[in-house]
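I opened the model today and kept notes as I went. The entries follow the order in which I looked things up.

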Amino acid sequence: KAFTHKETLNLPSLVHTREKPFSCNVCFKAFTCKASLNRHFFIHTGEMPYSCSICNKTFPDSFYLNRHALVHTGEKPHSCNVCDKAFALKSSLNRHSLIHTGEKPYSCNVCDKAFTCKASLNKHSFIHTGEKPFSCKFCNKTFSDSYYLNRHSLVHTGEKPHSCSLCNKSYTRKSGLNDHARVHTGEKPYLCSVCDKAYSKKAHLKEHYLFHSGIKPYACKLCDKSFTRKSSLTRHSYVHSSKKLH
């Protein structure tokens, strides 16, 4: 292979020898070429000299800018040779291919649970460390995953992005919409293993199981009478408050 620059000419040998002669004087991370070291410095300086001409988002490296540009063009040049699904990034294709191979190369060193990508392993590790690095800007509640933070933020914004196509009722969570949809379909997928009674919501099935177990977790503070359902306790409370249901 031909090279036009002396440093570039030396790169192939460094790749094979794994030699990294260029070190960062801040964090001591090492690189095979000076250009990579220069790009790395932007992490410490915060400088982002590469700007997207469409949305003005900035990046520390032209590589990340070019990768970002695919968001605007919609181009997906990397295709799976098994199912023909296409991706904008080669790394996304590589992660996707693990679905077909079943390979999970990233293992937790605490519980040996395995994952297809390193990001999933990193998020999983918070279970063991108890770390919750994602904080709500409204109430400072913290979460181990950005997904749960984004879902929680809907409580503050009042946004309900999941709408029923039949009655336009909206929900903050997709699971809430799925539960509601059964009102229209009449579907009751949750079956009691004791009496075969069916329910549209899993929560209702769990509540039903209390009848079979005899457990009554909702106790009245005034007379110690207990109930299997919270709604039954609420109705009972009117006995003490002299209120009547209408």
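**Entry 1: Asn168, then Asn56**

I started with Asn168, which is exposed because its relative accessible area is 61%, above the 50% cut-off. I note for the record that I am reading a predicted model. I found Asn168 in the loop between strand E11 (162-163) and strand E12 (170-171). Its backbone caught my eye: phi of Asn168 is near 65°, a positive value in a residue other than glycine.

I then looked up Asn56, which also has a positive phi, of about 65°, although it is not a glycine. Asn56 sits in the loop between strand E3 (50-51) and strand E4 (58-59). I computed a relative accessibility of 59% for Asn56, so I logged it as exposed.

**Entry 2: the whole chain**

I stepped back to the overall shape. I counted 9 helices and 16 strands in the protein chain. What radius of gyration does the protein chain have, against that of a compact globule of 246 residues? The chain has 28 Å, where the globule would be near 18 Å. Along its principal axes, the C-alpha trace spans about 90 × 40 × 40 Å.

I also checked burial, and 20% of the 246 residues count as buried. For contacts with a separation of 6 or more, I found that residues 24 or more positions apart account for 2%.

**Entry 3: domains and annotated repeats**

The domain assignment gives me domain 1 (22-75), domain 2 (83-159) and domain 3 (190-238). The centres of domain 1 and domain 2, taken over C-alpha atoms, are separated by 23 Å.

I compared this with UniProt, where an unreviewed entry places the feature "domain: C2H2-type" at residues 22-49, 50-77, 78-105, 106-133, 134-161, 162-189, 190-217 and 218-245. I looked into two of these spans. Residues 22-49 are 43% helix and 14% strand, with their end C-alpha atoms 22 Å apart. Residues 106-133 are 43% helix and 14% strand, and here the end C-alpha atoms lie 21 Å apart.

**Entry 4: Ser79 and helix H4**

I moved to Ser79, which lies in strand E5 (residues 78-79). At 44% relative accessibility, I put Ser79 down as partly exposed. Leaving aside neighbours within four places in sequence, I see Ser79 in contact with Lys85, Ala86 and Leu93. As a long-range check I took Pro189, which is 110 residues from Ser79 in sequence and 37 Å from it in space, C-alpha to C-alpha.

Leu93 led me to helix H4, where Ser92, Leu93, His96 and Leu98 are buried. Helix H4 (residues 90-101) has 12 residues. From first C-alpha to last, H4 reaches 17 Å, close to the 16 Å expected at 1.5 Å a residue. What do the buried residues of H4 pack against? They pack against E5 and strand E6 (86-87). Just after H4, I noted a positive phi of about 80° at Gly102.

**Entry 5: His124**

I found His124 in helix H5 (residues 118-129). Is His124 buried or exposed? Its relative accessibility is 9%, so I count His124 as buried, the cut-off being under 20%. Beyond four places in sequence, His124 is in contact with Cys108, Cys111, Lys113 and Phe115. I also took the distance to Ser144, which is 20 residues from His124 in sequence and 8.6 Å away in space, C-alpha to C-alpha.

**Entry 6: Thr228**

I located Thr228 in the loop between strand E16 (226-227) and helix H9 (230-241). With a relative accessible area of 9%, Thr228 is buried. Not counting residues up to four places away in sequence, I list Glu207, Leu210, Phe211, Ile215, Lys216, Pro217 and Tyr218 as touching Thr228.

**Entry 7: aromatic pairs**

I searched for rings with centres within 6.5 Å, and the count comes to 2 aromatic pairs. The rings of Phe63 and Tyr64 have centres 5.2 Å apart and planes at 75°, so I called this pair edge-to-face. Tyr147 and Tyr148 form an edge-to-face pair, 5.1 Å centre to centre with 75° between the planes.

I closed with accessibility. Tyr64 is partly exposed, with a relative accessible area of 38%. Tyr148 counts as partly exposed at 39% relative accessibility.

How values were computed:
Residues numbered from 1 in each chain as written. Predicted model: local features only at pLDDT ≥ 70, side-chain atom pairs only at ≥ 80, totals over all residues. Heavy atoms only, no water. Helix = DSSP H or I, 4+ residues; strand = E, 2+ residues; numbered from the N terminus. Buried < 20%, exposed > 50% of the residue type's maximum accessible area, 1.4 Å probe, protein only. Contact = heavy atoms within 4.5 Å. Domains from an automatic or database assignment. UniProt positions renumbered as here; feature names shortened; annotations may be inferred. Expected span 1.5 Å × (residues − 1). Phe/Tyr/Trp six-rings, centres within 6.5 Å; stacked < 30°, edge-to-face > 60°. Rg over C-alpha atoms; globule rule 2.2 N^0.38 Å.
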